[in-house]
Amino acid sequence: VWLMSADKFQIEQEELEKSIQLHIRGELDLAAAQTFRQALEAVVHREDKALILNLSQLTYIDSTGIGMVVSALKIRDELKAPLSVQHIPSTIRKLFDLTGISAFLNEGIEGTA
């Protein structure tokens with residue numbers, strides 16, 4: 001079930017026993033920022049479960065989207081709550097590498113059950 005969508009962007013929240021997964025599909029850009037922000041704000045402060053961003057179906061991300069991922073990383077770090085980014089497409093990974101945020105991404109798969 002896709003919970004929220006903007007024009008070319010969809011996000012699905014899946015709550016599992018030990019984690020909350022956000023499945024992100026389409027283009028995460030300025031047009032989708034509000035949708036992504038609302039989905040993140042609903043779960044980013046929950047310390048009881050790991051937060052996982054599944055990017056397997058993300059086709060595009062701009063600086064706005066990257067900034068929001070960085071903000072989520074900072075919040076989770078301050079809370080000492082895990083956040084991992086999984087299934088990063090190669091085109092998105094190149095952008096993450098270029099912007100230097102790859103070094104801060106936890107791509108572990110712990111807490112997926």
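## S84 and strand β5

The side chains of S84 and Q86 are joined by a polar contact of 3.5 Å. A polar contact here is a pair of N or O atoms within 3.5 Å; within protein, one must be able to donate a hydrogen and the other to accept it, and residues adjacent in sequence count only if both atoms are side-chain atoms. S84 sits in strand β5, where strands are DSSP runs of E with at least two residues, helices are runs of H or I with at least four, and both are numbered from the N terminus. With a relative accessible area of 4%, S84 is buried; buried means under 20% relative accessible area, exposed over 50%, and partly exposed in between (1.4 Å probe, protein chains only).

Further along the chain, F104 is 20 residues from S84, and their C-alpha atoms are 9.7 Å apart. Just past the strand, H87 lies in the loop between β5 and α3 (90-99). H87 has a phi near 55°, which is positive even though the residue isn't glycine.

## What kind of model this is

This is a predicted model, so local features need pLDDT of at least 70 and side-chain atom pairs count only at pLDDT 80 or more, while totals for chains, interfaces and linings use all residues. Residues are numbered from 1 along each chain as its sequence is written, and side-chain values use heavy atoms, with hydrogens and water left out.

## The overall layout

The protein chain has 3 helices and 5 strands, and from the N terminus on they run β-β-β-α-β-α-β-α. Of its 113 residues, 43% count as buried. Take the contacts (heavy atoms within 4.5 Å) between residues at least 6 apart in sequence: 66% of them join residues at least 24 apart.

As for the outside, the accessible surface of the protein chain comes to about 6,200 Å², and carbon and sulfur atoms account for 52% of that. These areas come from the Shrake-Rupley method with a 1.4 Å probe, and for residues only the protein chains shown count as cover.

## Helix α1 and the loop after it

Which residues of α1 are buried? They are A33, T35, F36, A39, L40 and V43. They end up on the same side of α1 because they cover an arc of only 165° around the axis, the arc being that of the directions from the helix axis to the C-beta atoms.

K49 comes along in the loop between α1 (33-43) and β4 (50-61). It's a lysine in a loop, but K49 counts as buried because its relative accessibility is 15%. Its side chain makes a polar contact of 3.1 Å with the side chain of E15. Leaving out residues up to four places away in sequence, K49 touches E15, L16, E17, K18, S19, I20 and R76.

## Strand β4 and helix α2

I52 is in strand β4, and at 0% relative accessibility I52 counts as buried. The C-alpha atoms of I52 and Q86 are separated by 7.0 Å, with their positions 34 residues apart along the chain.

Over in helix α2 there's S71, which is partly exposed with a relative accessible area of 39%. The C-alpha atoms of S71 and V44 lie 9.8 Å apart, for a pair 27 residues apart along the chain. After the helix, K80 is in the loop between α2 and β5 (83-86). K80 counts as exposed, at 74% relative accessibility, and its phi is near 55°, again a positive value in a residue other than glycine.

## The largest pocket

Rolling a probe the size of a water molecule over the atoms shows where empty space is left. On a 1 Å grid over the protein atoms alone, a pocket is an open set of points where a 1.4 Å probe fits, with protein on both sides within 12 Å along at least five of seven lines, and lining residues have an atom within 4 Å of a point. The largest pocket has a volume of about 230 Å³, a volume being the space filled by probe spheres set on the points, which are joined across faces, edges and corners.

Its lining is made up of V70, L73, R76, D77, K80, A81, P82, L83, I101, F104 and N106. Which helix gives the most to that lining? Helix α2 (residues 63-79) does, with 4 residues.
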